[in-house]
Amino acid sequence: MSTNTLSKETELRLNDFFNNSIDPKLMAKTIRKVNYILALSIMRDCETMETEKMNLQDGFYWLNELAEILNPYLDVE
């Protein structure tokens, strides 16, 4: 388990993200659903992908938003 602490800026950005962008419970549900869909897609040779395309799109968006808050990469010039 990691013992690294978040910077104050990251804490503020996460707080803002979960207070103004998405509910933490919805984010957790999104992460679990995307992981489930990806696992099923691999096991079933992608037959699940077509039926779950919207969930993947939404999940990808929110996971990318969270990643940018934790470690901004796309904003770096």
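**Exercise 1.** Find what covers the buried residues of helix H1.

*Solution.* Start with the cover: it includes helix H2 (24-43) and H3, going by contacts (heavy atoms within 4.5 Å). Helices here are DSSP runs of H or I with at least four residues, numbered from the N terminus. A quick note on the input: this is a predicted model, where local features need pLDDT of at least 70, side-chain atom pairs count only at pLDDT 80 or more, and totals for chains, interfaces and linings use all residues. Residues are numbered from 1 along each chain as its sequence is written, and side-chain values use heavy atoms, with hydrogens and water left out.

Next, list the residues being covered: Thr10, Leu14 and Phe17 are the buried ones of H1 (buried is under 20% relative accessible area, exposed over 50%, partly exposed in between, with a 1.4 Å probe and protein chains only). They sit on the same side of H1, because their arc around the axis is only 60° (taken from the directions from the helix axis to the C-beta atoms). Flip to the other side of H1 and you get Lys8, Glu9, Leu12, Asn19 and Asn20, which are exposed.

**Exercise 2.** Work out how H1 and H3 run relative to each other.

*Solution.* First take the axes, lines fitted to C-alpha atoms over the stretch in contact, with angles from 0 to 180 degrees between N-to-C directions. They come within 9 Å and cross at roughly 155°. So H1 is roughly antiparallel to H3 (over 145 degrees; under 35 is roughly parallel, 65 to 115 roughly perpendicular, the rest oblique). Finally, check who touches: Thr10, Arg13, Leu14, Phe17 and Phe18 of H1 meet Trp62, Glu65, Leu66, Glu68, Ile69 and Leu70 of H3.

How values were computed. Helix = DSSP H or I, 4+ residues; strand = E, 2+ residues; numbered from the N terminus.
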